[in-house]
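Student: Please pick one part of this protein and take me through it closely. After that, I'd like to see how some other parts look beside it.

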Amino acid sequence: MVIRIFVGTDKRRDSIAPCHVALQVVCVWILLPCATAGELRIVLLGKSGAGKSATGNTILGREAFTEDLIFESVTSSSSKESEVVAGKKITVVDTLGLFDTSKTAEELKGEIEKCVNLSMPGPHAFLLVVRLGVRFTQEESNAVRWIQENFSQRASRFTMVLFTHADQLNGNPVTSVLNKGLQTLLDSCGGRYHAFNNAEKTDQTQVKDLLEKIGAMVKSNGGEYYTNRMYQEAQKKMREEEERRRQEEERKRQEEEEEIREDERKKMDFEEKVENMKRRCPLVLTFMGTYLGKPTSPVRDIARIALGYTIAQTLCDCTLCRVFWELRIVLLGKSGAGKIATGNTILGRQAFTEDMTFESVTSASLKESGVVAGREITVVDTPGLFDTSKTAEELKGEIEKCVNMSVPGPHAFLLVVRLGVRFTQEESNAVRWIQENFGERASRFTMVLFTHADVLGQKVLQDTFNEKIHGLIESCKGGYHAFDNNNTKNSPQQVVELLKKIDAMVQWNGGEYYTNAMYQEASKMREEEEQKRQEEKKRQKENDDNIRREERLKGEEQLREQEEKHKQNTRRLLLSGELRIVLLGKSGAGKSATGNTILGREAFTEDMTFESVTSASLKKSGVVAGREITVVDTPGLFDTSKTAEELKGEIEKCVNMSVPGPHAFLLVIRLGVRFTEEESNAVRWIQENFGERASRFTMVLFTHADVLGGKALQDTFNEKIHGLIESCKGGYHAFDNKNTKNRTQQVVELLKKIDIMVQWNGGEYYTNAMYQEAQSKMREQEEQRRQEEKKRQEEHEENIRREERRKGEEKSREQEEKHKQNTRRLVCGSIGGIVGAGLGLTYSLFVVAPLGLAAGAATGDRLAETLCYWAA
């Protein structure tokens, strides 16, 4: 409502415009709350099946929203209904399951906008609907954060938790079933909550109490409601955050690729510098030697040039690397051997972190550089590669990393061994380990470095060597050295001596260093050897299979004789034998109650909480209908917070508890709640963890059959449930665990169906051998996926390197062509000059000397010009 007040005539209207605007604003601010004071706008949020539609109907006092007992969300799109309740207009917006819907991100965003628009000018309250009696999921635990992300931080001021199915409390307060996650949820909503029993729609007291709590919340918010402006701010912030994350991921990806390219470029640049120095340095030394010496005849000059070039080339190849270039060192050894202290001693500073602990200080390879004795020294420190807890793949990654860090390659591997402690078998086999991982040629670049030399006292180091240490040193072509990392006074001297020994090893290796090509060659050889081992293993397996096949052929006759006995045993089993059952399903599906119904007693603990009652597999037995029945109850295996290892342990435990093996897996599914994707994929989950054949022993058991209310169970099935039942060869059954009068009848019917399934399986049960076979297949598939992912990553990195090499090769070809042209010009000019000198000398013997020299010079100059033109 806007009231415009004008003072005076129209002529004075412009002069009072500011007063006019101010009065407009004041009137809007005062009168708008009055106009909307009698209306309350509520938005219902929550998972499908939580009871949002039923809650809306209870609030409005009529069937405004559709309710139905099906396994999917009833509300497919946000809808609005209004009604006058207790003299106040109430508008309720019912939404689809926003946290667990199958809608895309764009569709979800559209629904959020729609529910905001439906409650224009904005909702006073968001009711977060949570169902009692079912497991409290991570999605619900993070619900307020989800609301804040999608509706802005301020939305929590307008949020209240509404619990449905309050009849399951049995008169207890809501606080009696709160766990830590749920209490955190309530705290993030300012502690506001209410409980509804939608089955008692005539009880308007609960509605009145809810509206009073909402009124108090609105009052505490100063009469404000959630506005479209707040929503737009939230969406803008979401877009900015998403863009920031995208840019950060793109930046990281580009940095990784650029790092690979930079390593490749460094390697190529280094190799190019080496070649340039090999070409230029001999020429410089040769011409310096030639022209500094006393000139003689042209023939002697030519001979001196050739001989000088050859000598200079040899000197450069042998000494240039160690005199002028960087020295790169990689430290290898056990944790605690003193690699970090050694690196610090070499560099003369605290480059690497040292700590007196029982565990490895270095968790990943690190590189540090410094100038030592006028030379650039690079040291790569590695984690304890022999005794670390790293997997084979992580170990391989660290090996590749330490090689890449020392690009174009290390001149020396220092195998660090600690004096004063037991010399282990791992250290004895260290060089073999290096050769296996770095290749046979790596031993040429390896030297043993003993640390803690202070423990020797007055002893000579060689006197402490035993046969194993002698063997270790002999296999290292670089010999050995000893360090006392605590002796700071003598540090420079012992470092200089170490560098001299490394220089001698480098010179003995012809100036070479360990290259990435050597590592790739070693990796290829390892893969070939592994392939050979696999082929040998395959051949051995085939031989074993042939032997087993022969044994099976020999035993076929015995099996046929036993078949009849087996059939007789099956008939006896169906009449009076033991029956072993394993219960599987989500937490809150009713597994424990089902086990109690089958056994006819309170064998397993039941409780009305938001978390799984069964934390570990349990086995109980009893006599039912004259038969020994064993039931194994399991925790919520599909949706539990257990790790993969704990989950695997529970699977093995439930199989072992039902030794020699279960006759039936009962997949327990609760009626009256949403049928989730996890349950839809339940049989596939069973097959992945228990093997393909496990579906032959699986039956679906629906609990809470009382909610059907006279409907046929089949009428509630959708396409996904039909698919689930078809994949279970044992069919399905329904239980009402609350119906104690009909307990015996429904249990007998279940046992009959299980007996039919057992008979159809020929009396077999699920065995431990089947489980081991399934686990072996899982490991193979996981290894295959890991190898494929690794292969894709390696191919991606190789493509980047290949592209960089291609660019470098093109650049090298261009430079090589220029070099060839310059060389041809130089050589042809030299030849021309020499020929001219020779001709001049010849002419001078037969004609006047000045005339002969002039003619020779002219002829040589002309010849040189012609050759240079040809070379160009």
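Tutor: Let's start with helix H2, residues 52-60, which is mostly covered: nine of its nine residues are buried. Buried means under 20% relative accessible area, while exposed means over 50% and partly exposed is in between (1.4 Å probe, protein chains only). Helices (H or I, at least four residues) and strands (E, at least two) are DSSP runs, numbered from the N terminus. Before going on, keep in mind that this is a predicted model, where local features need pLDDT of at least 70 and side-chain atom pairs count only at pLDDT 80 or more, while totals for chains, interfaces and linings use all residues. Residues are numbered from 1 along each chain as its sequence is written, and side-chain values use heavy atoms, with hydrogens and water left out.

Back to H2. Its buried residues are Lys 52, Ser 53, Ala 54, Thr 55, Gly 56, Asn 57, Thr 58, Ile 59 and Leu 60. What lies over them? The cover includes strands S1 (39-46), S2 (79-85), S3 (88-94), S4 (125-131) and S5 (159-164), along with helix H7 (205-220). Just after H2 comes Gly 61, with a positive phi near 75 degrees.

Now zoom out for a moment. The protein chain has 872 residues, and 41% of them are buried. Its secondary structure comes to 24 helices and 18 strands. Contact means heavy atoms within 4.5 Å. Of the chain's contacts with a separation of 6 or more, 76% are between residues 24 or more positions apart. The chain exposes about 47,800 Å², and carbon and sulfur atoms supply 52% of that; such areas come from the Shrake-Rupley method with a 1.4 Å probe, and for residues only the protein chains shown count as cover.

Thr 594 is another covered spot, found in helix H17 (residues 591-599). Thr 594 counts as buried because its relative accessible area is 0%. Leaving aside neighbours within four places in sequence, Thr 594 is in contact with Leu 583, Val 668, Leu 701, Thr 703, Phe 735 and Asn 737.

Try Arg 444 next, in the loop between helix H13 (430-438) and strand S11 (446-451). Is Arg 444 buried or partly exposed? At 21% relative accessibility, Arg 444 counts as partly exposed. Not counting residues up to four places away in sequence, Arg 444 touches Lys 477, Met 505, Trp 508, Asn 509 and Glu 512. Take Asn 509: Arg 444 and Asn 509 are 65 residues apart in sequence, yet 7.3 Å apart in space, C-alpha to C-alpha.

Next, charges. Side chains of opposite charge can pair when their charged atoms come close. A salt bridge is a side-chain nitrogen of Lys or Arg within 4 Å of a carboxyl oxygen of Asp or Glu, and the structure holds 27 salt bridges. In one of them, Arg 229 pairs with Glu 233, with the closest N and O atoms 3.7 Å apart. Both lie in helix H8 (residues 228-292), four residues apart, about one turn of the helix. Arg 229 counts as exposed at 66% relative accessibility, whereas Glu 233 counts as partly exposed at 39%.

Helix H23 (residues 768-846) holds both Arg 785 and Glu 782, three residues apart, about one turn of the helix. Their side chains meet in a salt bridge (2.8 Å, N to O). Arg 786 and Glu 783 also lie in H23, three residues apart, and their salt bridge is 2.3 Å, N to O. There's a network of salt bridges too, linking Glu 241, Glu 242, Arg 244 and Arg 245.

Finally, Glu 436, Glu 440, Glu 527, Glu 528 and Glu 529 gather in a patch of negative charge on the surface. Patches are made of residues with over 30% relative accessible area and no salt bridge: like charges are joined within 9 Å, and nonpolar side chains (Val, Leu, Ile, Met, Phe, Trp, Tyr) within 5 Å. Helix H16 (residues 516-576) gives the most to the negative patch, with three residues. Glu 527 sits in H16, and at 48% relative accessibility Glu 527 counts as partly exposed.

Notes: Lys and Arg count as positive and Asp and Glu as negative; His and the chain ends are not counted. The place of a charge is taken as NZ of Lys, CZ of Arg, CG of Asp or CD of Glu.
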